[in-house]
Amino acid sequence: MTRPRRAVVVLAAGEGTRMRSARPKVLHPVAGRPMLNHVLDAVGELEPEKVVVVVGPDMHSVAEAAAPHPVVEQTERLGTAHAVEAARPALGDMADDPKAEVLVVYGDTPLVTGDTLERLSRARSDSEAGLAILGFRTGEPGHYGRLIQNEDGTVRRIVEARDATAEQLEIGLCNAGTLCARAPLLQQLLSQVGNHNASGEFQLTDVFGLATEAGETTALAEADLETVQGVNSRAELAQAEAAMQRRLRQLAMRGGASLVAPETVFLSHDTELGADVLVEPHVVFGPGVAVDDGATIRAFSHLEGAHVRPDASVGPYARLRPGTDVGEGAAIGNFVETKAVTLGEGAKANHLTYLGDAEVGAGANVGAGTITCNYDGIAKHRTQIGANAFIGSNTALVAPVSVGENAIVGAGSTITLDVDADAVAVARGKQHNRAGAASRFRAARRESERG
């Protein structure tokens, strides 16, 4: 069977009042990315001809997150059916094309997958049904809408929990919300939806009862609760985060990375871990991190916007900020912070160091307590450290400054001028030793205390 033309309507107009936040609900992040964008990624796997995102009034930030997809505004929040109807003009000719189908998905379901949406589409098209719904089973159906089935397993109608009878509330097959329909049929049914229900809203779920009355056939695809779980509160957001982290950890380990204590490692949606990467406990990966084959990330480190090259080592207790590039075999040690820094192959900054806006050449060694003074209160400046240079402990490199290849900087120096290659630089106050001064000092101190 030829695949139908596909359009997807993403409902993202909800205010999310239970989140108690000024941020639109669908923009709350899961694994470092807004929920809406997780949904759009899943939708993109279907390669639809059109994707339309429905937003509420003045939701400019949601429209920006939805780009480049077109956005329509639901000027009044009158229910989910009303929201889908608002998307009709943006569907163009597909709205009336009998060979087209429309999927309706929700922007607050960050764990939904392209495979799940594809199964829903196939359930409809393979049975030549007019409508298909995504459902799930749970022993605690609670506030979820119930799917009322015919004897052949098709869905006769959907009853919201607040409108259900006691008998219907015992049903464990629940509505996940996502549906797929022949495009013209969906438009026809939407025009018949009323708001005579406990919520007083035009509910999308009513289209199934209307379809049954019209003699249309329906279909059902089932998914697990975790995949279709919506987020309406901070507690549910935390549940979605935990589920996403489990998914990402499994993907990382299947890809060849070793996570010593997986439950303590937090990954971002785009974290890339190569083969034979070792991640020790309590590591956090922010967005934009790639760790190449054979590298080690030691415990209690935090990485964001960084690239760790093969066989390099980071941590423990290291912080890699955006723009950090750790070269092959290089080492970033405990209590080292980096930002906008490139470390060459085999370079080392083993402990208690800040490197910002700098380039460290291959084989260079940066001693404990070294800092690059990159900010003068107005602008940032860069530090250049040549290959195989040695920077002694407790050195301040006042940028802009460069240290040449094979140069040595004495411990405790404050370097404000460039250091030539193969030179030795020492910049610190001259030491004076005063014989017997310690005894005289203590005696004077005791005398003053008696007086």
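# A tour of the predicted model

Start in the interior: select Leu273, Phe285, Val291, Val308, Leu320 and Ile332, which touch the most other members of the largest nonpolar core, a set of 56 residues. Next, colour the elements that give two or more residues to this core: helix H9 (234–254), strand E19 (306–308), strand E23 (331–343), strand E24 (348–360) and strand E30 (401–403). H9 supplies the largest share, 6 residues. Keep in mind during the tour that this is a predicted model.

Stay in the core and centre the view on leucine 273. Leaving aside residues up to four places away in sequence, leucine 273 touches Ala252, Ala257, Leu259, Leu267, Val279, Phe285 and Val291. Two of these, Phe285 and Val291, are also among the core members listed at the start.

## Strands E23 and E24

Now select lysine 339 and aspartate 357. Their side chains meet in a salt bridge, with 2.7 Å from N to O. Lysine 339 sits in strand E23 and aspartate 357 in strand E24, so this pair, 18 residues apart, links distant parts of the chain. Are the two partners buried or exposed? Lysine 339 has 11% relative accessibility and therefore counts as buried, the cut-off being under 20%. Aspartate 357 is likewise buried, at 11% relative accessibility.

## Salt bridges with partly exposed partners

The whole structure holds 21 salt bridges. For another one, go to arginine 5 and glutamate 49, whose side chains meet at 2.5 Å, N to O. Arginine 5 belongs to strand E1 (residues 5–11), while glutamate 49 is in the loop between helix H1 (35–44) and strand E4 (50–55), so the salt bridge ties together parts that are 44 residues apart in sequence. Arginine 5 is partly exposed, with a relative accessible area of 24%. Glutamate 49 is partly exposed too, at 48% relative accessibility.

Then move to arginine 88 and aspartate 96. These residues form a salt bridge in which the closest N and O atoms are 2.7 Å apart. The relative accessible area of arginine 88 is 31%, which makes this residue partly exposed. Aspartate 96 is also partly exposed, with a value of 45%.

## A buried glutamine

Select glutamine 203, in the loop between helix H6 (183–190) and helix H7 (206–213). Why does glutamine 203 count as buried? Its relative accessible area is 8%, and buried means under 20%, so glutamine 203 falls below the cut-off.

Show the side chain of serine 199 as well. A polar contact of 2.8 Å joins this side chain to that of glutamine 203. To see what else surrounds glutamine 203, add Thr80, Ala81, Glu160, Asp163, Val193, Gly194 and Asn197: glutamine 203 touches each of them, and residues up to four places away in sequence are not counted here.

## A nonpolar patch on the surface

Finish on the outside by switching to a surface view and selecting Phe300, Tyr317, Phe335 and Leu352. Together these residues form a nonpolar patch on the surface, with about 430 Å² of accessible area. Zoom in on phenylalanine 300, placed in the loop between strand E17 (296–297) and strand E18 (302–303). Phenylalanine 300 has 43% relative accessibility and so counts as partly exposed.

How values were computed. Residues numbered from 1 in each chain as written. Predicted model: local features only at pLDDT ≥ 70, side-chain atom pairs only at ≥ 80, totals over all residues. Heavy atoms only, no water. Helix = DSSP H or I, 4+ residues; strand = E, 2+ residues; numbered from the N terminus. Buried < 20%, exposed > 50% of the residue type's maximum accessible area, 1.4 Å probe, protein only. Polar contact = N/O pair within 3.5 Å; in protein donor to acceptor, adjacent residues only side chain to side chain. Contact = heavy atoms within 4.5 Å. Patch = residues over 30% accessible without salt bridge, like charges linked within 9 Å, V, L, I, M, F, W, Y side chains within 5 Å. Areas by Shrake-Rupley, 256 points an atom, 1.4 Å probe, with all protein chains shown as cover. Salt bridge = Lys/Arg side-chain N within 4 Å of Asp/Glu carboxyl O. Core = buried A, V, L, I, M, F, W, Y, C linked by side-chain atoms within 4.5 Å.
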